[in-house]
Amino acid sequence: MSLNEANVLVSTYIDEVPTYASHVPVPNVQETVRNNPLKVPERYVRSEEEIQKVLYMPQLSSQVPIIDFTLLSHGNKDEILKLDIACKEWGFFQIVNHGVKIDLMQQMKDVVAEFFEFPIEEKNKYAMPPDDIQGYGHTSVVSETQILDWCDQLIVLVYPARFRKPQFWPQIPEGLKDTIEAYSSEIKRVGEELINYLSLILGLEEHVLIGLHKEVVQGLRVNYYPPCNTPEQVIGLTPHSDASTITIVMQDDDVTGLEIRYKESWVPVTPIPGALVVNVGDTVEILSNGKYKSVEHRAMTNKNKKRTSFVSFLFPRDDAEVGPFDHMIDAQNPKMYKNVTYGEYLRHTLNRKLEGKTQTDAAKIQD
Ligand SMILES: COc1ccc(-c2cc(=O)c3c(O)c(OC)c(OC)c(O)c3o2)cc1
Ligand SMILES: O=C(O)CCC(=O)C(=O)O
Ligand SMILES: [Fe+2]
């Protein structure tokens, strides 16, 4: 950051398109199911212990906080307090009245559903190369022996627009690109406003947290979970925490799958039509010296229904420095995390398999 002639803080311009991680290419799950809907290949089968070692508590689902975005925008103190508690206790909440038009959300669901229905040869024109995480494929696979997730993904970097790689933006169906653009622009608006509220609840001036990002970077990951004949044997997306500042998820209205860690249990996040799910990422955990945790979560699959989630990660630019704020550290709360350059942290995370909270654990100062 530097000051320009008008004494306004500006970040130095970076125009190189970043690359983030490599991975081992894996079979396409949708094709696997199409070829044999009954058989789950060995590489996807998890032990009962792995799936059920944490208690499943659907009865807690109704307690996942719901935040009214309009109340936040009007500076309602109770709603800000609710947000603070949601971030501290759950790390997850749903937002309503966020202003993203229901028609736009539906259009995004429709065009993406159409993309996934195209023949594999068409979709593979956007295949994720082994040395990138953008395109159609699956990230976070680092060995040939790793147990795989029951999920195909489409990933693109959306903002800043100069970082886009057009070769990964599907040209089919017509309108997909424009819809991703329109949807992501709305998510950017909501996300940046939420980051400002997080700044306030962290005890900072409204724009400090966004300033620290240098520029907010936004990636979109669409997770497509085909139905699975034996859903109790597989995981759609392995338990992990997000490396982002915040993540905003649009999920299908009629099928559950997202589960979050709450104390010693897995709690499903029941879809509320029109709502968006938000979770606090590792950046906030590190900046707050662990006061706000990025909570572990996973996605499970269904026997007869496919599920799609639309995940927008908002995170700092590569050259942003991330470390616990001084005012979060005192004698009772010694500094718990190292200072990191965000680009290094994100690459470290994206170049490994998903594994619970291991990446935030690695960022901790050893004693
Ligand atoms: C080049 O386009 C993109 C760059 C980065 C991402 C992205 C950001 C994340 O924060 C993120 C993440 O937190 C995450 O969970 C651990 C993840 O799963 C492995 C991501 O793929 C991921 O991607 C997206 C697009
Ligand atoms: O499918 C979901 O609801 C969760 C997806 C997720 O956690 C992710 O993509 O990081
Ligand atoms: Fe996630």
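In what order do the strands of the open sheet of 5 strands follow one another? In this predicted model, the order is S3-S12-S11-S14-S9, and the pairing is mixed. Strand S3 (55-56) and strand S9 (237-240) form the edges of this sheet, and each has a single partner strand, so one side of each is left without a neighbour in the sheet. The partner strands S3 and S12 (residues 265-268) run parallel and are joined by 2 bridges. Within this pairing, tyrosine 56 stands opposite tryptophan 266 of S12.

A further open sheet contains 8 strands, arranged in the order S4-S5-S13-S10-S15-S8-S7-S6, again with mixed pairing. Its edges are occupied by strand S4 (66-68) and strand S6 (135-137), each of which pairs on one side only. On average, and with direction ignored, neighbouring strands of this sheet are turned by 25 degrees against each other. Strands S7 and S8 run antiparallel and are connected by 7 bridges. Aspartate 152 has tyrosine 224 in S8 as its bridge partner. Helix H7 packs on this sheet, where it touches S7, S8, S10, strand S13 (276-280) and S15. The direction of H7 makes about 135 degrees with that of S10.

Helix H7 (residues 176-201) also meets helix H4 (residues 77-90): the two axes come within 10 Å and cross at roughly 85 degrees. H4 and H7 are therefore roughly perpendicular to each other. The contact is formed by Ile80, Leu83, Asp84 and Cys87 on the side of H4, and by Tyr197, Leu200 and Ile201 on the side of H7. By class, the residues of this contact comprise 6 nonpolar and 1 charged, with no polar residue.

Several backbone features occur in loops that adjoin the strands described above. The peptide bond between tyrosine 159 and proline 160 is cis, with omega about -5 degrees, and proline 160 is located in the loop between S7 and H7. A cis peptide bond also links isoleucine 172 to proline 173, with omega near -15 degrees; proline 173 likewise belongs to the loop between S7 and H7. Serine 140 is not a glycine, yet its phi is positive, at about 70 degrees. Serine 140 is found in the loop between S6 and S7.

Two ligands are considered next. Ligand 1 is surrounded by 18 residues, of which the closest are Leu157, Gly219, Asp242, Ala243 and Phe313. Strand S7 (152-159), S8, S15 and helix H10 (342-350) each contribute at least two residues to this shell. In terms of residue class, the shell around ligand 1 holds 9 nonpolar, 7 polar and 2 charged residues.

The surroundings of ligand 2 consist of Arg221, Asn223, Leu237, Asp242, Val249, Gln251, Gly257, Leu258, His297, Ala299, Ser309 and Val311. Asp242 thus appears in the shell of ligand 2 and is also listed among the closest residues to ligand 1. At least two residues of the ligand 2 shell come from each of strand S8 (217-225), strand S10 (246-251), strand S14 (297-299) and strand S15 (307-315). Of these strands, S14 belongs to the sheet of 5 strands, whereas S8, S10 and S15 belong to the sheet of 8 strands. The shell around ligand 2 comprises 5 nonpolar, 5 polar and 2 charged residues.

According to an unreviewed UniProt entry, residues 216-316 are covered by the annotation "domain: Fe2OG dioxygenase". Over residues 216-316, the chain is 6% helix and 45% strand. The end C-alpha atoms of residues 216-316 are 5 Å apart.

Definitions and conventions: Residues numbered from 1 in each chain as written. Chains lettered and ligands numbered in written order. Predicted model: local features only at pLDDT ≥ 70, side-chain atom pairs only at ≥ 80, totals over all residues. Near = placed C-beta within 6 Å. Helix = DSSP H or I, 4+ residues; strand = E, 2+ residues; numbered from the N terminus. Nonpolar A, V, L, I, M, F, W, Y, C, P; charged D, E, K, R; others polar. Axes fitted to C-alpha atoms, helices over the stretch in contact; angles between N-to-C directions. Parallel < 35°, antiparallel > 145°, perpendicular 65-115°, else oblique. Contact = placed C-beta atoms within 7 Å. UniProt positions renumbered as here; feature names shortened; annotations may be inferred. Pairing = 2+ DSSP bridges.
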